[in-house]
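Here's a quick tour of a structure, with salt bridges up front and aromatic and nonpolar groupings after that. Have a look at it first, then read on.

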Amino acid sequence: ADEYQLVQFILMFKGAQFLSSGVLMTCVAAVKYYLCVHPGGTHTCDTQGPGADQDLTTGGIDFLGSCILVWIAFLLLPLSGSSAGARDIPASSQDLEAQATSSGCMCCKNYDANRGGRLTGLLGYDLLTFLLSCCLLAALAYVGVSESENESFTAALLDKDSVVAQLGKWQFRTGIYFARIFYALLSFPFLVFNLPILNGILTHTMPTGYNPQGICVPYLLRPMPPEDKET
């Protein structure tokens with residue numbers, strides 16, 4: 001795997017997640033709440049509210065899948081190589097030899113925790129935001145169960161039939177919706193790494209691309225066509 005391509009995948013994925021699952025879904029939630037609450041204290045948020053009509057399986061796969069894909073890319077970073085060569089000049093011949101021997105199969109590459117630059121520190125931050133999102137979902141589920149007059153949260157948690165019933169309610173689907181928004185909005189720090197000037201400085205990577213044969217090579221601009229000489 002190429003270091004630059006993995007870094008760009010993480011940054012583009014998290015940046016798109018912030019805009020689509022964060023900003024856009026927040027606007028959709030605001031509009032849906034405005035439309036589902038009616039005068040006189042009535043509402044139709046159980047059928048027309050944010051996340052009320054979403055499929056539970058689809059929402060869960062989208063939530064967990066977006067996390068797992070990024071975490072896999074983070075874990076592959078220390079094993080990646082640079083198809084564009086080293087960014088810094090080797091300090092000694094031993095460093096140069098180490099770079100030369102690391103260009104083989106992935107299992108033969110030297111493990112380097114510094115690959116990806118300062119971006120690698122955001123893995124712990126992303127894990128923390130995921131746990132906070134799960135805590136938010138649990139808190140919303142607790143509030144939904146606490147509003148029931150028949151049973152407490154502990155009793156509902158120990159009762160299998162009650163758990164299945166709670167998962168099927170619109171309040172839990174709405175909770176997943178807002179947990180996804182919360183997790184996506186906390187992806188904002190990744191946007192800083194997308195800035196053109198700061199990208200190379202913070203990630204310590206050199207741009208690469210794919211040639212027509214599908215091989216990852218250093219990124220180069222197309223050569224200028226030769227000027228026609230007037231005869």
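## Salt bridges and surroundings

Asp-126 and Lys-14 join their side chains in a salt bridge, 2.8 Å from N to O. (A salt bridge here is a side-chain nitrogen of Lys or Arg within 4 Å of a carboxyl oxygen of Asp or Glu.) The pair links distant parts of the chain, with Asp-126 in helix α5 (residues 122-146) and Lys-14 in helix α1, 112 residues apart. Helices are DSSP runs (H or I) of at least four residues, numbered from the N terminus.

Before going further, keep in mind that this is a predicted model, where local features need pLDDT of at least 70 and side-chain atom pairs count only at pLDDT 80 or more, while totals for chains, interfaces and linings use all residues. Residues are numbered from 1 along each chain as its sequence is written, and side-chain values use heavy atoms, with hydrogens and water left out.

How many salt bridges does the structure hold? There are 3, and here they are with the burial of each partner (buried is under 20% relative accessible area, exposed over 50%, partly exposed in between, with a 1.4 Å probe and protein chains only):

| Pair | N to O distance | Acid, relative accessible area | Base, relative accessible area |
|---|---|---|---|
| Asp-126 and Lys-14 | 2.8 Å | Asp-126, 1%, buried | Lys-14, 0%, buried |
| Asp-53 and Lys-32 | 3.8 Å | Asp-53, 56%, exposed | Lys-32, 25%, partly exposed |
| Asp-62 and Arg-180 | 2.7 Å | Asp-62, 35%, partly exposed | Arg-180, 14%, buried |

Arg-180 sits in helix α8 (residues 170-185) and Asp-62 in helix α3, so this bridge ties together parts 118 residues apart in sequence.

On to the rings. The model has 9 aromatic pairs, counting Phe, Tyr and Trp (its six-membered ring) with centres within 6.5 Å; planes under 30 degrees apart are stacked, over 60 edge-to-face and the rest tilted. Tyr-177 and Phe-178 are edge-to-face, because their centres are 5.9 Å apart and their planes at 80°. Phe-63, Trp-71, Phe-130 and Tyr-183 make up one aromatic cluster.

How far can you trust it all? The chain averages a pLDDT of 78, and 77% of the residues score at least 70; pLDDT is the predictor's confidence in each residue, from 0 to 100. Helix α1 (residues 3-36) has the highest confidence, with a mean of 91, while helix α4 (residues 93-101) has the lowest, at 49. Where pLDDT is low, don't read the predicted coordinates in detail.

Notes: Helices (H or I, at least four residues) and strands (E, at least two) are DSSP runs, numbered from the N terminus.
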